[in-house]
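Please find below my notes on the model you sent. They are set out as numbered points and can be read alongside the coordinates.

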Amino acid sequence: MQNFTRTNFEHLEKVRNRSIRVARSCKDLRDRYDEREDGVYYLTTGNGMLYQTYCDMTTAGGGWTLVASVHENSVYGRCTVGDRWSSQQGSNADLPDGDGNWSNRNTFGTVESATADDFKNPGYYDITAEDMSVWHIPNNFPLEFWNMEAAAVLRYHTENRFLRLYGGNLFQLFKQYPVRYNVGSCGDRGPAIPIVYDHGDKESTRMLYGPNSRREFEPGFITFRAINWESAAMAICSGVKPTVGCNTEHYCIGGGGYFNPEEQCGDFPSFDYDRLGKEQGWSASKEMTEAAVLLFYR
């Protein structure tokens, strides 16, 4: 037990020295300073703001910067406090953007608590990136164990440099494809990008969602700005591309400020649908519902 509680000053000094590095991203840290260890680092924005985030320095060559996490603090809440990626103001058609955090410069949370609360740092809008990586990590899982492959529910990345077509980050992408109620019909989706699996595969991705949902999507993609039958917009469909039907509230996350019916409203909009006593087979798995979605750039 002493080994776990004793202060490792050598390690602390090593970690503290990371604050003297000058870099805009974890890729810069890897390329300029040959940093190769996963963990918390300091980054600097173009305006000189210093902030901390997590760097994945090992997956697919490393250099991945954690910029955000989507965490559902209460799947039973309906656009209540904590639903920062949809609306904390209830389901309100007069506020079609909700909190609007997919396309603004608000920041919140801490890197240490990214699996226990929503997180968004300045890198979300400051970094110009080419690709994304996504990790689904169980809620409240300690940061020092995130990089254990066995910890992940699902992990994947893109490698076709798609972000260069959309301004270099999600901040700019969602300016082009607003996550807003009544912005278009269910056919007005944003890009669907092929993914490379780091943990999991197409079949395991399928099984993370409900049997009815599986009829509507193709696994092996990340899709942006998916709209459902009721004109609500979801930000990201993780691991899948909608193909037929428009019940995206059951397998996509984030959203604008209004969902009809209101029982869909939230950061994980209708992942718990069967709990409501409706038609069975739409709920996402317990693993998916109780995991934070970590978003990285490179």
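The points go from the whole chain to the strands, then to backbone details and aromatic rings.

1. Status and overall build. This is a predicted model. The chain has 7 helices and 13 strands as its secondary structure. Its radius of gyration is 19 Å, close to the 19 Å that the globule rule gives for 298 residues, so the chain is as compact as a globular protein of that length. Along the principal axes, the C-alpha atoms fill a box of roughly 55 × 45 × 35 Å.

2. Burial and contacts. Of the 298 residues in the chain, 57% are buried. The exposed surface of the chain comes to about 12700 Å², and 47% of that is supplied by carbon and sulfur atoms. Among contacts in the chain with a separation of 6 or more, 61% are between residues 24 or more positions apart.

3. The S1-S2 hairpin. Strand S1 (residues 39-44) and S2 run antiparallel and are joined by 6 bridges. Gly-39 has Cys-55 in S2 opposite it. The two strands, S1 and S2, make a hairpin with 5 residues between them. Within the turn, Gly-48 has a positive phi of about 90°.

4. S2 and its pairing with S3. Strand S2 (residues 50-56) is mostly covered, with 5 of its 7 residues buried. S2 also pairs with strand S3 (residues 64-70), again in the antiparallel sense, over 2 bridges. Asp-56 has Trp-64 in S3 as its bridge partner.

5. The S7-S10-S11 sheet. An open sheet is formed by 3 strands in the order S7-S10-S11, with antiparallel pairing. Its edge strands are S7 (192-194) and S11 (233-237), each of which pairs on one side only. On average, neighbouring strands of this sheet are turned by 5° against each other, direction ignored. Between strand S10 (residues 221-227) and S11 there are 4 bridges. Phe-224 has Ile-236 in S11 as its bridge partner.

6. Ser-231. Which residue in the loop between S10 and S11 deserves a look at its backbone? Ser-231 lies in that loop and has a positive phi of about 70° although it is not a glycine. Ser-231 has a relative accessible area of 18% and is therefore buried, the cut-off being under 20%.

7. Cys-79. A second non-glycine residue with positive phi is Cys-79, where the angle is near 55°. Cys-79 is placed in the loop between S3 and strand S4 (119-120). The relative accessible area of Cys-79 is 2%, and the residue is buried.

8. A cis peptide. Which peptide bond is cis? The bond from Asn-260 to Pro-261 is cis, with omega near 5°. Pro-261 sits in the loop between strand S12 (240-242) and helix H7 (286-289).

9. Trp-85 and Tyr-124. The structure holds 22 aromatic pairs. In one of them, the ring centres of Trp-85 and Tyr-124 are 6.2 Å apart and the planes are at 50°, so the pair is tilted. Trp-85 belongs to the loop between S3 and S4 and Tyr-124 to helix H4 (residues 123-126), so the pair ties together parts that are 39 residues apart in sequence. Trp-85 is buried, at a relative accessible area of 1%, and Tyr-124 is buried as well, at 0%.

10. Tyr-209 and Phe-217. Here the ring centres of Tyr-209 and Phe-217 lie 5.5 Å apart and the planes are at 75°, so this pair is edge-to-face. Tyr-209 has a relative accessible area of 3% and is buried. Phe-217 also counts as buried, at 5% relative accessibility.

11. The aromatic cluster. Which residues form one aromatic cluster? They are Trp-85, Trp-102, Phe-108, Tyr-124, Phe-162, Tyr-166, Phe-174, Tyr-177, Phe-224 and Tyr-297. The cluster thus includes Trp-85 and Tyr-124, the tilted pair of point 9. Phe-224 is a member too, and its bridge partner in S11 is Ile-236.

How values were computed:
Residues numbered from 1 in each chain as written. Predicted model: local features only at pLDDT ≥ 70, side-chain atom pairs only at ≥ 80, totals over all residues. Heavy atoms only, no water. Buried < 20%, exposed > 50% of the residue type's maximum accessible area, 1.4 Å probe, protein only. Pairing = 2+ DSSP bridges. Axes fitted to C-alpha atoms, helices over the stretch in contact; angles between N-to-C directions. Rg over C-alpha atoms; globule rule 2.2 N^0.38 Å. Contact = heavy atoms within 4.5 Å. Areas by Shrake-Rupley, 256 points an atom, 1.4 Å probe, with all protein chains shown as cover. Phe/Tyr/Trp six-rings, centres within 6.5 Å; stacked < 30°, edge-to-face > 60°.
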